[in-house]
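User: I have a model open and would like to learn how to read its features. Could you walk me through it?

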Amino acid sequence: ASFSILGDLVHQVGGNRVQVDVLVGPGSDAHVFQPTPAQARAVAQSQIVFANGLGFEGWMARLLKTAGYKGLQVVVSKGARALKADRHDDDHKGQGHGHDHGAHDPHAWQSVDNVKVYIRNIAQGLCQVDATGCDSYERNAKAYTARLDALDTEIRASWALIPPAQRKVITSHDA
């Protein structure tokens with residue numbers, strides 16, 4: 001998986017039938033990632049590579065080519081609704097986070113509906129490379145989707161208790 005959040009989603013769907021290696025781990029920045037020769041070898045030996053897409057991994061095509069990758073590549077955001085990107089460097093203090101995503105914000109996993117698309121695409125990809133485990137992947141995907149729905153309902157109910165004028169969110173990233 002290209003980055004840690006995606007690696008977790010693949011693990012949720014794949015369960016103990018898959019070994020998930022993450023290229024860009026927690027605390028690392030996928031926007032400036034430089035693959036190592038060891039990571040290129042790991043990619044070359046993989047049966048399946050999961051990427052976010054939407055321009056998030058600008059380095060992915062080069063890595064796959066350099067690694068001589070022959071397996072299946074799954075772009076998990078396929079079919080997701082990308083949000084229109086705001087210009088990060090135009091914030092009121094002029095301290096954007098130093099990268100521009102173009103017309104669309106590639107951080108589509110921040111929407112529960114989009115994560116459900118990711119989960120569906122992950123399950124389909126795993127079924128393509130491991131038909132024997134397909135029932136397990138589909139069952140795990142269905143269970144995880146139900147957990148996402150329950151979490152979304154809980155969050156919406158919690159937010160509804162706060163008057164709109166008093167809602168404030170602090171994040172570490174403009175997305």
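User: Which elements each supply at least two residues of the lining of the second largest pocket?

Analyst: Happy to help; keep in mind that this is a predicted model. Helix H2 (37-45), strand S1 (48-51) and H4 each give two or more residues to that lining. In total, 20 residues line the second largest pocket, and Gln-19, Val-20, Ser-46, Gln-47 and Ile-48 lie nearest its centre. The space inside is about 440 Å³. By character, the lining splits into 13 nonpolar, four polar and three charged residues.

User: How should I think about finding a pocket, and what lines the largest pocket?

Analyst: The general idea is that rolling a probe the size of a water molecule over the atoms shows where empty space is left. Here, the largest pocket holds about 640 Å³ of space. It has 21 lining residues, with Trp-109, Gln-110, Ser-111, Val-112 and Ile-155 nearest the centre. Helices H1 (4-14), H4 (112-129) and H5 (134-160) are the elements giving two or more residues to this lining. H5 contributes the most, with seven residues. The lining consists of 12 nonpolar, five polar and four charged residues.

User: H4 has turned up in both linings. Which of its residues are buried, and what do they pack against?

Analyst: A residue is called buried when its relative accessible area is under 20%. In H4 the buried residues include Val-115, Val-117, Tyr-118, Ile-119 and Leu-126, but also Asn-114 and Asn-121. The buried residues of this helix pack against H1, S1, strand S2 (72-75) and H5. You can check the helix length too: at 1.5 Å a residue, its 18 residues should span 26 Å, and the end C-alpha atoms are 26 Å apart, so the two agree.

User: Now the charged pairs. How many salt bridges are found in the whole structure?

Analyst: Look for a Lys or Arg side-chain nitrogen within 4 Å of a carboxyl oxygen of Asp or Glu. The search finds four. One of them pairs Lys-116 with Asp-113 at 3.7 Å, N to O; both lie in H4, three residues apart, about one turn of the helix. Lys-116 also meets Asp-149, at 2.7 Å. Asp-149 sits in H5 and Lys-116 in H4, so this pair ties together parts that are 33 residues apart in sequence.

User: What about Asp-152, which residue does it form a salt bridge with?

Analyst: Its partner is Arg-156, with the closest N and O atoms 3.0 Å apart. Both belong to H5, four residues apart, again about one turn. Arg-156 counts as exposed, because its relative accessibility is 58%. Separately, shared partners join Asp-113, Lys-116 and Asp-149 into one network of salt bridges.

Definitions and conventions: Residues numbered from 1 in each chain as written. Predicted model: local features only at pLDDT ≥ 70, side-chain atom pairs only at ≥ 80, totals over all residues. Heavy atoms only, no water. 1 Å grid on protein atoms, 1.4 Å probe; cavity = no way out; pocket = protein on both sides within 12 Å on 5 of 7 lines; lining within 4 Å. Points joined across faces, edges and corners; volume = space filled by probe spheres on them. Nonpolar A, V, L, I, M, F, W, Y, C, P; charged D, E, K, R; others polar. Expected span 1.5 Å × (residues − 1). Buried < 20%, exposed > 50% of the residue type's maximum accessible area, 1.4 Å probe, protein only. Contact = heavy atoms within 4.5 Å.
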